[in-house]
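Colleague: I am new to this one. Could you walk me through it and tell me how you know each thing you claim?

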Protein chains: 2
Amino acid sequence: MDVKILERAGSIALPFRRQASTWRPQRIWAIVSETPHSKSRRVTLADVAREVGVSTALVSIVMRGVPGASPATRDRIQQAANDLGYVPDSRARVLRQGRSQLLGVMFDVQHPFHADLLEGIYAAAEPAGYDVVLSAVAATRSEERAVNTLLADRCEALILLGPKAPKRWLATLAARIPVVVVARTLKDPAIDVVRTADAEGIQLAVDHLVGLGHTRITHIDGGDAPGATQRRRGYRSAMHRHGLDAHVQIVPGGLAEDSAARATNTLLAQKTLPTGILAFNDRCATGVLDILLRAGVAIPGQVSVVGFDDSHLAGFSHINLTTVRQDASVMAELAVDRAIQRLTHQADTPLSDAGGHQVVIPPTLVIRGTTGPIAHVLPT
Amino acid sequence: MDVKILERAGSIALPFRRQASTWRPQRIWAIVSETPHSKSRRVTLADVAREVGVSTALVSIVMRGVPGASPATRDRIQQAANDLGYVPDSRARVLRQGRSQLLGVMFDVQHPFHADLLEGIYAAAEPAGYDVVLSAVAATRSEERAVNTLLADRCEALILLGPKAPKRWLATLAARIPVVVVARTLKDPAIDVVRTADAEGIQLAVDHLVGLGHTRITHIDGGDAPGATQRRRGYRSAMHRHGLDAHVQIVPGGLAEDSAARATNTLLAQKTLPTGILAFNDRCATGVLDILLRAGVAIPGQVSVVGFDDSHLAGFSHINLTTVRQDASVMAELAVDRAIQRLTHQADTPLSDAGGHQVVIPPTLVIRGTTGPIAHVLPT
DNA sequence: ATCGCCATCTAGAACGTTCTAGTCTTCACT
DNA sequence: AGTGAAGACTAGAACGTTCTAGATGGCGAT
């Protein structure tokens, strides 16, 4: 029973946090139980220590790579750890050290922009020495549940991507742990916010279309999505600034392709089509484009379309969408930055304005192929 | 210094794993340090115990909701825990109990189908009493890194969504911990696999088109994406079965819209267009549709298009795509099931065929508006 | 010789839980 | 009145780390 055999072990046995740059297994001989993971207790520091004949403390020193061991024993211990397939237990480590060095991130599993933000958060957190723990919001998993998991996991700070939770709930949360909210407008003295200047972005789009000679410019909005209110406001004020109040038209839309497609159908049913359409985001814009193309409307010959986000979609050559760019990687970086700031200079620095920091990123307009001069000025 | 004040606390203070069905804060008075999270040590069982004047063991009993405390003290302890804002430390819990009851899931942050799978995994894991810990693969984060984090986190089993890692690496991993691979073909005695019958799915699509009178049916493939080989094979064999070998045409594509769009452009450059196009997946299909619509090709009048996945996209009324459905929630459920099976009857049951279980889900054809009878038979 | 110092290593106590093995009560049943 | 047995509670040892406070030994300088 429970015979031990020799078997090749791969690079899994590398020490925690060390990342091998190659996939090739390292040809190290390892002892593996014959019945793979039946009763096999986890390999611990004590196992390695016993194997080598030293104390657990010394093994710990070697595994962490801190000074305090001679090169010779360092090698022996490293070797033994690899052979046994030792993987440090992060939970025990966190328990012992006061700090977890953990940033908790709540995100919506279905939201493409959150995916971009996550990439940026990983990229920003790791160099700063923080690990990231994710908690997803999904159909069967509420924001509250997601946050509770993060709290139980001993995260030091929370980064919430586009939370829909009410302000007061977020406030009580912030009383307990530093909270950074991303991509949502929120004014609370205890909460840091990183978001795009939505209104400004839409204004860039309006200015662009007006500059091309458009006057009948319609906005298909995002309903109650985060940022939708700001974008509506930006649209109205820009139209007003250009003296186009008479042409203001806001059609109810939503977050995704289908609602924008429905909105476009109602536009087609009108006597006159607008010459410019500002969609709530890129996904909406593709819905608009799809319907217009099917109806035989030339783009940008008859109608110009502008999106929002500059997601991967927008750049595809066949879509080639003019859009307002939100820089996910910058937002992610700033969010991580705010969280770490809060953690390092906690109460001592009152953060200049003594309230939640509002970091507002200026958007930029990316002009591609779906916008052009208005038809009757320059007929194609 | 460090004055304590009274402040309202919200439902955050709910016990771990209990989920409140409402957002409304519960109007409980809580003591919160004035400088929110400066030096404030985490609230522990000992704090609650001291407050109430009982042992930590008793508080633990109450927090876990196991028998062993009188209703009266249960209330007092519950109350005190809420007041202090106690949140159990999951890391300490896992450390003490042998088991972590944790399933580690590796996923690609940019992959929409993985999002659907995640939803299903959460839905399946929680009723079974398992928690889910996520580890993302992203541009700056390799699969190896993602897996190492999960191992360090004491997960009991790993569910890998569409892993690209080489087979041998996965095999060494499986020697250490139960591994379930989802959405990738892999034959390894130690690894469970849950995937869709890709070839069969494409065959359904071919049969459907042939039934409508099509013969010139082209496949825009997925390059080296998981499943692409199987789908190519399925296409070839189905065409052969219908005696259409002469019409076999495979155009190199990829995972996303843009590559499929390029492939479609090369088709348009040919003398004759196929009458049926099988795209690698739904995203590819939208790329195809977009290009064809711009070129003025009637759908399904002149060309029928079939996707794969039945993602959210496909169902949108304006796309209304005929597609091969992969059921993400079923796949997720089965993956969780396999993992738990491995954990519960570990070595004792040799799993019938004494090897890695291959769970292959039959796909179904969802017929929508992008396919129709061939033009010269029934001209529109 | 003695001193101090560095490098190397170790014992043992944390960390916040849960679990085992109890100790008291109380109370029903002979 | 005596005997269990159940109920309510507690002490103290785990779990796998890291950290603090040493111990040991070698070695150069006094």
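**Helix pairs, domains and DNA**

Modeller: Let's start with a pair of helices. H10(B) and H11(B) make a right-handed crossing. Keep in mind that this is a predicted model.

Colleague: What makes a crossing right-handed?

Modeller: Look at the turn of the near helix from the far one. A clockwise turn of less than a right angle counts as right-handed. The crossing of H10(B) and H11(B) is assigned to that class.

Colleague: At what angle do the axes of H10(B) and H11(B) cross?

Modeller: Roughly 45°. H10(B) covers residues 257–268 and H11(B) residues 282–294, and their axes come within 7 Å.

Colleague: Why is H10(B) called oblique to H11(B)?

Modeller: Set the angle against the classes. Roughly parallel needs an angle under 35 degrees, and roughly perpendicular runs from 65 to 115. The crossing at roughly 45° falls in neither class. Therefore H10(B) is oblique to H11(B).

Colleague: Which residues make the contact of H10(B) with H11(B)?

Modeller: From H10(B), B:Ala260, B:Ala261 and B:Thr264 are among them. From H11(B), they include B:Gly287, B:Val288 and B:Ile291. By class, the contact has 6 nonpolar, 4 polar and 4 charged residues.

Colleague: What about H8(B) and H9(B): what makes them oblique to each other?

Modeller: Use the angle again. H8(B) (residues 198–211) and H9(B) (residues 228–241) cross at roughly 40°, with axes that come within 7 Å. The limit for roughly parallel is under 35 degrees, and roughly perpendicular begins at 65. H8(B) and H9(B) are therefore oblique. The crossing is right-handed.

Colleague: Which residues of H8(B) and H9(B) make the contact?

Modeller: B:Ile202 and B:Val206 are among those from H8(B). Those from H9(B) include B:Tyr235, B:Ala238 and B:Met239. The contact divides into 6 nonpolar, 4 polar and 5 charged residues.

Colleague: Now chain A. How do you know that H1(A) is oblique to H3(A)?

Modeller: Their axes cross at roughly 125° and come within 9 Å. Roughly perpendicular ends at 115 degrees, and roughly antiparallel needs over 145. The angle sits between those limits, which makes H1(A) oblique to H3(A). This crossing is right-handed.

Colleague: Which residues of H1(A) meet H3(A)?

Modeller: A:Asp47, A:Val48, A:Glu51 and A:Val52 of H1(A) do. They face A:Arg76, A:Ile77, A:Ala80, A:Ala81 and A:Leu84 of H3(A). That contact has 6 nonpolar, no polar and 3 charged residues.

Colleague: Into which domains is chain A divided?

Modeller: Domain 1 spans 2–94 and domain 3 spans 198–326. Domain 2 is written in two parts, 100–196 and 328–361.

Colleague: How do you know that domain 2 of chain A is in contact with domain 3 of chain A?

Modeller: Two residues count as in contact if their C-beta atoms lie within 7 Å. By that test, 9 residues of domain 2 meet 8 residues of domain 3. On the domain 2 side, helix H5 (112–125) and helix H13 (328–344) each give two or more residues. This side has 5 nonpolar, 3 polar and 1 charged residues.

Colleague: Which residues come nearest to DNA strand C?

Modeller: A:Ser55, B:Leu45, B:Ala57, B:Ser60 and B:Arg96, out of 27 residues around strand C. H2(B) provides the largest share of that surface, with 5 residues. The surface has 12 nonpolar, 8 polar and 7 charged residues.

Colleague: And which come nearest to DNA strand D?

Modeller: A:Leu45, A:Ala57, A:Ser60, A:Arg96 and B:Ser55, again out of 27. Here H2(A) gives the most, 5 residues. The classes are 12 nonpolar, 8 polar and 7 charged.

Colleague: What is notable in the backbone?

Modeller: Most residues other than glycine have a negative phi, and most peptide bonds are trans. A:Arg154 is not a glycine, yet its phi is positive, about 70°. A:Arg154 lies in the loop between helix H6 (143–152) and strand S5 (157–161) of chain A.

Colleague: Where is there a cis peptide bond?

Modeller: Between A:Ile299 and A:Pro300, with omega about 5°. A:Pro300 sits in the loop between helix H11 (282–294) and strand S11 (304–309) of chain A. In chain B, the bond from B:Ile299 to B:Pro300 is cis, with omega near 5°. B:Pro300 is in the loop between H11 and strand S11 of chain B.

Definitions and conventions:
Residues numbered from 1 in each chain as written. Chains lettered and ligands numbered in written order. Predicted model: local features only at pLDDT ≥ 70, side-chain atom pairs only at ≥ 80, totals over all residues. Near = placed C-beta within 6 Å. Helix = DSSP H or I, 4+ residues; strand = E, 2+ residues; numbered from the N terminus. Nonpolar A, V, L, I, M, F, W, Y, C, P; charged D, E, K, R; others polar. Domains from an automatic or database assignment. Axes fitted to C-alpha atoms, helices over the stretch in contact; angles between N-to-C directions.
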